[in-house]
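Here's a friendly walk through a protein you may not have met before. Have a look at the picture, then read on for the tour.

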Amino acid sequence: MDRKTILIFCYTLFTAASVCPGFGQGLLQNLGARDKQCLDGLWQIIIDPLEYGMYTHSYKLKKNGYFLNEKAENSFDRIEYDFDGGYQLYVPGDWNTQMEKLYYYEGTIWYKRSFDALGDTNGRKRLYFEGVNYQCRVYLNGEFLGDHEGGFLPFSFDITNKLKAQDNFIVLKVDNTRQKDGIPTINFDWWNYGGITRSVHIVNLPDTYINDYYLSLVKGTKKKIEGWVKLEGDNVVAQDVMINVPELNIHEKIKTDKNGLASFTLSSEPELWSPDHPKLYEIEIASAEEKLTDHIGFKTIEVRDNDILLNGQTVFLKGISIHEEAPFGVGRVITAEQAATLLTWAKELGCNFIRLAHYPHNEFTVKLAEKMGLMVWSEIPVYWTVNYTNESTYKSAENQLIQMIDRDKNRAGVILWSVANETPVIPERLEFLRKLIQKARAKDQTRLITAALNTQRGEDNNIIIDDPLGEYIDVIGINSYCGWYGKRPAECRDLVWKNTFNKPIIMSEMGGGALAGMHGTKDDRWTEEYQAEVYECNLDMLKKIDFLAGTSPWILMDFRSPRRNLLRIQNDYNRKGLISENGEKKKAFFVLKDFYDHHQSKNKANHSQER
Ligand code: GCU
């Protein structure tokens, strides 16, 4: 198949895959550039643990559920709920940290937002959610629009001709109950923050609009740019689209086919994006009815033996893992400023890489990382013991993978898509992940596929990496807690690691806990001295691993988890952060910073020539 056919084939996979059956419509590429009405702010809520707003006492679906937002019209009417005059929650935001009584709440909360339409109500409109955890049903003016599962990616519904000039209301039934067949499943080590945790918009679109686009270097070159643009609408006809990259003197007119798809390949040699030179080009995509501006970087990422090569040069990933938890204990990250605090801490640490654990973070975080010169590991929450034999579980994982790649495929900073974290070595898991990896490669041939494993085998002081999943991924992440979940810190220096794959290894997790401000000897667990010793000894161990391509220790900042019940020290927090939730840098922060500041990225390219 020639490239154009391949490209159209790949796009068919995109569209076939990215609009999920039974789900709301997919993503709009580059939401930030679009004309929209923001619905963030205070929404009225009803806490409904028995889902009485949905089901009768005999658990039959109600015709007059809370989604109708009915009001008593006279003194006789019996309406046993009212959104107005009750509780309220901010959107975006998790409910756990907004109301004391919702701190541990898992279940259904109904949200309602009344609003007048901004501008004309006739044009094409899309009701767009950047993220709702975990599953939701969406209603507009009492009409069911659709549902969505998955807590960390965008989804949307066409609401053209459904808006009134005034007095519209949106109702969501949001349920964060952990699902045995969900992605993630019922057990995980982070707080189950529920709610409309990301922003909500009404997007105004022209009749024929730019739904999605993609630009990247052609794999294996630095002198060709390829991409595609996809128009959508009721009567998409073949038409001209302009691709403008002024700084590269690109002003390319391309023609869409009758399905609205146009692909292109251009000769151009852009300055390459890297942590030291996070170069982004302003691009403009203009159709007859719409013009979108974005900022795109160009880079190549590949592996060669045990090395990761960025733009053809060996790079050592000096990273840190990050949960999407805001500093100062206020719950989920909801603003770019909060993300900036976390990423600035990572830069202070000397990082060129961040592992966004264990689920896709806000889009603004990925964009900020790209601007700040931080390479990104992005991950779907196939975490621990998901139900590997359940088809709907697999479909949920695949949908989240597709939506993650769709949303961030234009972000130069993203170098790794991760399909799993600490999954068991059983046949059904291998098959489940093999299919996910195949899907990821079908969607994106320009990035590396990885997973974090904790299946290395210890034989005395020999640690052997031979998980069969290693065959299918490009880069192997290893989670190892020597000195915390086993052995004393000093014993870590004696470990000898054996990599049975000729592939790069990243120490994707290591570390230990400490309560900021708690001091003692390096033998006293939970003190800053003990945590610093864990880092000293593990970093000495890493220095001996010549096939190591990087590390992203666990974790930048203390984060909430209901598994952490040592009240006087943890108080619902996992204390492995190098920084406390109040921004206090622990001694171990400076140990890792020193390692990164003095780490010389061996230019293995020359070294390999000597071999
Ligand atoms: C695991 C897991 C993390 C968890 C960490 C810990 O490796 O990947 O999600 O928080 O260990 O136990 O602190």
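## Getting oriented

Helices here are DSSP runs of H or I with at least four residues, and strands are runs of E with at least two, both numbered from the N terminus. Counted that way, the protein has eight helices and 33 strands. Keep in mind that you're looking at a predicted model.

## Overall build

How does the radius of gyration compare with that of a compact globule? For 611 residues, such a globule would come out near 25 Å, and the protein has 25 Å, so the two agree. If you line the protein up along its principal axes, the C-alpha atoms fill a box of roughly 80 × 60 × 40 Å.

Of the 611 residues, 62% are buried. Take the contacts between residues at least 6 apart in sequence: 73% of them join residues at least 24 apart.

## Surface and charge

The protein's accessible surface adds up to about 23800 Å², and carbon and sulfur atoms account for 50% of that. As for charge, there are 74 positive side chains and 84 negative ones. The centres of those two sets sit 2 Å apart.

## What's packed inside

Which residues touch the most other members of the largest nonpolar core? That core has 76 residues, and the answer is I320, I354, V382, F432, L436 and W497. Apart from it lies another core of 30 residues, including I45, L89, F115 and V138.

F432 is a good one to zoom in on. Setting aside residues up to four places away in sequence, F432 touches I183, V382, V386, N387, Y388, T393, Y394 and A397. One of these, V382, is also on the list of residues that touch the most other members of the largest core.

## Backbone oddities

Most peptide bonds are trans, and most residues other than glycine have a negative phi. A few spots here go the other way. The bond from V91 to P92 is cis, with omega near 0 degrees, and P92 sits in the loop between β3 (87-91) and β4 (108-115). Another cis bond runs from W554 to I555, this time with omega near 25 degrees. You'll find I555 in the loop between β31 (548-551) and β32 (559-560).

Then there's phi. N69 isn't a glycine, yet its phi is positive, at about 50 degrees. Look for N69 in the loop between β2 (41-47) and β3. Is N69 buried or exposed? Its relative accessibility is 11%, so N69 counts as buried, since the cut-off for buried is under 20%. W526 is another residue other than glycine with a positive phi, near 80 degrees. W526 lies in the loop between β30 (505-509) and α6 (528-543), and with a relative accessible area of 15%, W526 is buried.

## A stop at C38

Finally, visit C38, which belongs to strand β1 (residues 36-38). At 40% relative accessibility, C38 counts as partly exposed, because that label covers values between the 20% and 50% cut-offs.

Which residues does C38 contact, once its neighbours within four places in sequence are left out? They are R113, V200 and H201. You can also compare C38 with Y128: the two are 90 residues apart along the chain, and their C-alpha atoms are separated by 9.6 Å.

Definitions and conventions
Residues are numbered from 1 along each chain as its sequence is written. This is a predicted model: local features need pLDDT of at least 70, side-chain atom pairs count only at pLDDT 80 or more; totals for chains, interfaces and linings use all residues. Side-chain values use heavy atoms; hydrogens and water are left out. The radius of gyration is taken over C-alpha atoms; the globule rule is 2.2 Å times the number of residues to the power 0.38. Buried means under 20% relative accessible area, exposed over 50%, partly exposed in between (1.4 Å probe, protein chains only). Contact means heavy atoms within 4.5 Å. Accessible areas come from the Shrake-Rupley method with a 1.4 Å probe; for residues, only the protein chains shown count as cover. Lys and Arg count as positive and Asp and Glu as negative; His and the chain ends are not counted. The place of a charge is taken as NZ of Lys, CZ of Arg, CG of Asp or CD of Glu. A nonpolar core is a set of buried Ala, Val, Leu, Ile, Met, Phe, Trp, Tyr and Cys residues joined through side-chain atoms within 4.5 Å.
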